[in-house]
Amino acid sequence: MSTAVKLTTTGAVSAEEYAAFCETYGADVTEWEGYELLAGARELRMTTYAAQHAATRPEWRREAQYRIDCLRGRAGAPPWRWKAIR
């Protein structure tokens with residue numbers, strides 16, 4: 001699920017990289033009927049994680065707001081190119 005979200009949500013994995021992953025894994029979870037539900041849960045988790053960090057680290061506030069905007073439909077279609085939070 002995490003690798004698929006890196007393709008469909010954050011753009012951190014290319015289509016070629018994801019295809020190679022699916023080949024090794026033996027399946028493409030984006031084709032599963034439950035994918036959208038679980039991907040949405042993962043996106044929400046990634047967004048709340050960013051917001052949690054933004055509460056104490058001002059440099060992450062813009063990224064947290066961007067993720068919120070993405071989930072609320074204010075930033076166009078995915079992939080959104082979210083930055084990694086460390």
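**View 1. Arginine 81, in the segment after H4.** This is a predicted model. Arginine 81 is not a glycine, yet its phi is positive, about 65 degrees. Arginine 81 counts as exposed because its relative accessibility, 53%, is over the 50% cut-off.

**View 2. A cis peptide bond between proline 78 and proline 79.** Omega for this bond is near 5 degrees. Proline 79 is found in the segment after helix H4, which spans 61–71.

**View 3. Glutamate 43, a buried residue of helix H3.** Its relative accessible area is 14%. That value is under 20%, so glutamate 43 counts as buried. Setting aside neighbours within four places in sequence, glutamate 43 is in contact with Thr9, Leu71, Trp80 and Trp82. Cysteine 70 is 27 residues away from glutamate 43 along the chain, and 9.7 Å separates the two C-alpha atoms.

**View 4. The largest nonpolar core, with 11 residues.** Which elements give two or more residues to this core? They are H1, helix H2 (15–25) and H3. H3 gives the most, with three residues. The core consists of Ala4, Val5, Val13, Tyr18, Cys22, Tyr35, Ala39, Met46, Cys70, Trp80 and Trp82. Trp80 and Trp82 from this list are also in contact with glutamate 43.

**View 5. Methionine 46 and its contacts.** Methionine 46 is a member of the largest nonpolar core. Leaving out neighbours within four places in sequence, methionine 46 is in contact with Val5, Thr10, Arg67 and Trp82. Of these partners, Val5 and Trp82 are listed in the largest nonpolar core.

**View 6. A second, separate core of five residues.** Among them are Ala50, Ala54, Ala64 and Ile85.

**View 7. The largest pocket, with a volume of about 260 Å³.** It is lined by 13 residues, and the closest to its centre are Arg42, Met46, Arg67, Ala84 and Ile85. Helix H1 (2–8) and helix H3 (35–54) are the elements that give two or more residues to the lining. H3 supplies the largest share, four residues. How does the lining divide by residue type? Six residues are nonpolar, two are polar and five are charged. Two of the residues closest to the pocket centre, Met46 and Ile85, link this view to the cores: Met46 is listed in the largest nonpolar core, while Ile85 is part of the second core. Met46 is also in contact with Arg67, another residue among the closest to the pocket centre.

Conventions:
Residues numbered from 1 in each chain as written. Predicted model: local features only at pLDDT ≥ 70, side-chain atom pairs only at ≥ 80, totals over all residues. Heavy atoms only, no water. 1 Å grid on protein atoms, 1.4 Å probe; cavity = no way out; pocket = protein on both sides within 12 Å on 5 of 7 lines; lining within 4 Å. Points joined across faces, edges and corners; volume = space filled by probe spheres on them. Nonpolar A, V, L, I, M, F, W, Y, C, P; charged D, E, K, R; others polar. Buried < 20%, exposed > 50% of the residue type's maximum accessible area, 1.4 Å probe, protein only. Contact = heavy atoms within 4.5 Å. Core = buried A, V, L, I, M, F, W, Y, C linked by side-chain atoms within 4.5 Å.
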